[in-house]
Amino acid sequence: MAYRPGMGVTRDAVDRLRQRRQAEADGSARGGGGGGLELPGVDDSEQASLLLGNGAKKVARCGFCTRPLGELAADAGGATCSRCR
């Protein structure tokens, strides 16, 4: 059933949202494997190659200062660097 304005949220939609959130918490969303930050995979598009250069990798960054996070902080699921804590 599609969303209809003014009708509110259906129980089915709430159940689907609950299942999706539980899957994300369990790390099973996107084949994730255990908490941490879910970073997108390697982008092979032409646009990314032109903007970032070939072979550029996405790295987790601090939510406050945008410095790259270290491997330990990213693996632990932290979203802030040691300087901003």
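This passage goes through the confidence, fold elements, burial, cysteines and charged pairs of one predicted model.

Confidence comes first, since the model is predicted. Averaged over the chain, pLDDT comes to 75, with 73% of the residues at 70 or more. Broken down by element, the top mean value goes to helix α1, residues 11–26, at 85. At the other end sits helix α3, spanning residues 71–76, whose mean pLDDT of 69 is the lowest among the elements.

As for secondary structure, the chain has three helices and zero strands. Read from the N terminus, the order is simply α-α-α. Of the 85 residues in the chain, 12% are buried. The exposed surface adds up to about 7,300 Å², and carbon and sulfur atoms account for 51% of that area. On the contact side, taking pairs of residues at least 6 apart in sequence, 16% of the contacts link residues at least 24 apart.

The cysteines are worth a look. A disulfide is a covalent bond between the sulfur atoms of two cysteines, and the structure turns out to hold zero of them. Take Cys 62, which is in no disulfide: its nearest cysteine sulfur belongs to Cys 65 and lies 3.7 Å away. With a cut-off of 2.5 Å for the sulfur pair, that distance of 3.7 Å does not qualify. Cys 62 is also buried, its relative accessible area being just 3%.

Further along the chain there is Cys 81. Here the closest cysteine sulfur is that of Cys 84, at 3.6 Å, and the two are not bonded because that is too far for a bond. Cys 81 counts as buried too, with a relative accessibility of 9%.

Turning to charged side chains, a search of the whole structure gives one salt bridge. The partners are Asp 15 and Arg 18, with 3.2 Å between their closest N and O atoms. Both residues belong to helix α1, where they are three residues apart, or about one turn of the helix. This is also the element with the highest mean pLDDT, 85. How exposed are the two partners? Asp 15 is partly exposed at 36% relative accessibility, while Arg 18, at 52% relative accessible area, is exposed.

Terms used:
Residues numbered from 1 in each chain as written. Predicted model: local features only at pLDDT ≥ 70, side-chain atom pairs only at ≥ 80, totals over all residues. Heavy atoms only, no water. Buried < 20%, exposed > 50% of the residue type's maximum accessible area, 1.4 Å probe, protein only. pLDDT = per-residue confidence, 0-100. Helix = DSSP H or I, 4+ residues; strand = E, 2+ residues; numbered from the N terminus. Contact = heavy atoms within 4.5 Å. Areas by Shrake-Rupley, 256 points an atom, 1.4 Å probe, with all protein chains shown as cover. Salt bridge = Lys/Arg side-chain N within 4 Å of Asp/Glu carboxyl O.
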